[in-house]
Amino acid sequence: MDKLSNVESATIEALMQEKRHFEPSKSFTDQANIASKAIYDHGKDYVSFWEEQAAAITWRDQWTSVLDWSNAPFAKWFVDATLNVTESCLDRHLETRGDSVAYHFEGEPGDSRSITYAELLKEVNKLANGLKSLGVEKGDRIAIYMGMVLELPIALLASARLGAVHSVVFGGFSADSLRDRINDAGAKVLITCDEAWRNGNRIPLKSFADAALEQTPSIEKVVVVKRTGADIPMRVERDIYYQDLVCEQSDELNAVKTSSEDPLFILYTSGTTASPKGILHTTGGYLVGAAFTHKNVFDIKDGDIYWCTADIGWVTGHSYVVYGPLANGCTSVIYEGVPNFPDKDRFWAIIEKYKVSQFYTAPTAIRTFMKWGTSYPEAHNLSSLKVIGTVGEPINPEAWMWYQQTIGNASCPVVDTWWQTETGHIMISPLPGITPTKPGSATIPLPGIAVDIFDDHGTSVGLGGGGYLVLTEPWPGMARTIYKDPQRFIEVYWSRFSNSKENKWIYFAGDGAKRDEDGYYWLLGRVDDVMNVSGHRISTLEVESALVDHHSVAEAAVTGRSDLTTGQAIAAFVTLKAGFQGDDALIAELKEHVATKIGKIARPASIVFTDELPKTRSGKIMRRLLQDVAEERKLGDVTTLANADVVHEIAARVHASTTAKTPAPD
Ligand code: PRX
């Protein structure tokens, strides 16, 4: 519990002083999709609850049973049912809302395009037919490495239409990361863009992809969306422009029938050890969970304009830009770029332009907006907003209050939503018409979701206690396995508290949490060695490996330290090989090296050189102590260290470096 108690002492005291709470307004409750608290009781019988929610999507064959948990922790939901998710997301809307807009696309340079449900279905069919002509069949894996353009959701849906499995790799990841993910998934086709617009710059995605493709034997074809129109090398026989592939294709295609448990996608997420984990999600249960939570957490109505700012490269984009909103026939905004292009008011300009009614973003963005000041949102009419949400990391009460007051005009319910890549959909969140909110708390589990907090011994801590967040019953969107590694799935998520002899399976989320006297959940961050930078999990191991990959580095340890803007920032401690000088130039070079190896998001915010790293006698690096050092806290227990002095030396260096200069923002 050491790490957890650290987190607690750093965070929970401030949180627990938070006494403000907000009741839903009567006017909101009166119009809400869910207006009665009875749903919480109803959700206790979670199997029948989720069966009822399944009526909201389109099936071809009904299930023979709702849940098969006999091979736990490998769940089957809606057993034997068949469907194709794109029929729920597209075909069935044609009659009722074929002409309504599915996506308003806003390009970073200022171009825009709106696509209706009828048009979207045609585009999806054309690409699916094109992929079919390239040899894609049910079960094949398709890697997708793109910017946030309309062809990105089209690519996911075309894959799903064929019963193929998509693996989206966030466009900010490096060539090496893309290569590893393509190889793990054994993808047959890659869909990418010539370039992406980002902060006014052109990001050469195809050239990154080309570097990855040097070592990806499974890839047969590469489909390239022209976004900027740059003159890029195309390899004959392997590469084809998207526009050339789809132009001759029919816009009709019968969706391939899939079983409820056929895979829909793989999404890679960082773990503490070894390679990224390919989280595998399947079809029926995932869509039921994404659709229900989207509709009710955001209180979606016909005519609403919904905007989730997440990139589709992350799970939030999968569930709340693509599958949830489309299943609900909702009109969404997709924005390609950064919030400060051309100026720091871009998000607010977009809300005003499209009259956005639901807005979903990350605490790291909210903290950045706070830093930029209220003049930017105040310059725009945000009165269309009805519900505003956050996801990705704990939101501190100040940021929550700022969000509610400045963006939500003190009247929009704020929905702080806790979930993970592995959970597939939102698990803990207010329902805006019925759940009173408290700034900084994700409030209570959604109906149909069973959550608890355990101590080290697996005992529920009761009200007022802190410990490990666990999920005690299966849920429809749960990850089914780690791709090709079911043993690792059991070890990482199900071994900490489960009792397989008694057939009691407990999912350990890896987060610390506290539950207050009202039963409200306060998330405390990760308890393992995974950092959370701007809402994205990055494993210490991957960054360390990238540092050690540099010719000057002997050994490296990294840890997350609190950062007002990004939640956590990466603090690196590096031991150099003999003959190398640890100066500012090398710091800059190492930061760049990590950004190239893994992606900019993993670039360390600070690097401190040290002759030795603090280690236990068995040689395990004590990252917990390094975190104390990085956050300039009183040091924790150093008695288990083989080399206790070194940690004081490092602390002195960190102190000297932070007092000597203000670090330049990255
Ligand atoms: O630590 C929790 C944090 O983000 C982790 C999941 O990261 P990822 O799989 O990348 O998915 C992010 C988007 C769903 C969690 O284990 N986290 C996510 N949402 C919250 C949160 N921490 C506190 N409050 C939240 N609302």
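Author: In this predicted model, a residue counts as buried when under 20% of its relative accessible area remains.

Reader: How many of the eleven residues of helix α9 are buried?

Author: Helix α9 spans residues 175-185, and its buried residues are A175, D176, S177, L178, R179, R181, I182 and A185. The helix is therefore largely enclosed by the rest of the structure, the number of buried residues being eight of the eleven.

Reader: What covers the buried residues of α9?

Author: The cover includes strands as well as helices, among them the strands β6 (141-145), β8 (189-193) and β14 (263-269). The helices that take part in covering the buried residues of α9 include α10 (205-213), α19 (540-548) and α20 (584-597).

Reader: Which residue follows α9, and what is the sign of its phi?

Author: The residue that follows helix α9 is G186. Its phi lies near 60 degrees, and the sign is thus positive.

Reader: Which residue of β6 or its surroundings stands opposite V168 in β7?

Author: Strand β7 (residues 165-168) is covered on both faces, with V165 and S167 buried on one side and H166 and V168 buried on the other. Strands β6 and β7 run parallel and are joined by four bridges. Opposite V168 in β7 stands I144.

Reader: Are α8 and α13 parallel, perpendicular or oblique to each other?

Author: Helix α8 (residues 151-161) and helix α13 (residues 315-327) pack with their axes 11 Å apart, at an angle of about 60 degrees. Roughly parallel would need an angle under 35 degrees, and roughly perpendicular one of 65 to 115. The relation of α8 and α13 is therefore oblique.

Reader: Which residues of α13 meet α8, and how do the residues of the contact divide?

Author: From α8, the residues P153, L156, L157 and A160 take part, and they meet H318, V322, Y323 and L326 in α13. The residues of this contact divide into seven nonpolar, one polar and no charged.

Reader: Is the crossing of α8 and α13 left-handed or right-handed?

Author: Two packed helices are described by the angle between their axes and the distance between the axes. For α8 and α13, the handedness of the crossing is right-handed.

Reader: Which strands are the edge strands of the open sheet with the order β21-β22-β24-β25?

Author: This open sheet has four strands with antiparallel pairing, and strand β24 (residues 507-515) pairs with β25 over five bridges, where K514 stands opposite W522 in β25. An edge strand pairs on one side only, and the edge strands here are β21 (451-454) and β25 (521-526).

Conventions: Residues are numbered from 1 along each chain as its sequence is written. This is a predicted model: local features need pLDDT of at least 70, side-chain atom pairs count only at pLDDT 80 or more; totals for chains, interfaces and linings use all residues. Side-chain values use heavy atoms; hydrogens and water are left out. Axes are lines fitted to C-alpha atoms, for helices over the stretch in contact, and angles run from 0 to 180 degrees between N-to-C directions. Helices (H or I, at least four residues) and strands (E, at least two) are DSSP runs, numbered from the N terminus. Angles under 35 degrees count as roughly parallel, over 145 as roughly antiparallel, 65 to 115 as roughly perpendicular and the rest as oblique. A crossing is left-handed if the near helix is turned anticlockwise from the far one by less than a right angle, and right-handed if clockwise. Contact means heavy atoms within 4.5 Å. Ala, Val, Leu, Ile, Met, Phe, Trp, Tyr, Cys and Pro count as nonpolar, Asp, Glu, Lys and Arg as charged, and the others, Gly among them, as polar. Buried means under 20% relative accessible area, exposed over 50%, partly exposed in between (1.4 Å probe, protein chains only). Two strands pair if DSSP finds at least two bridges between them.
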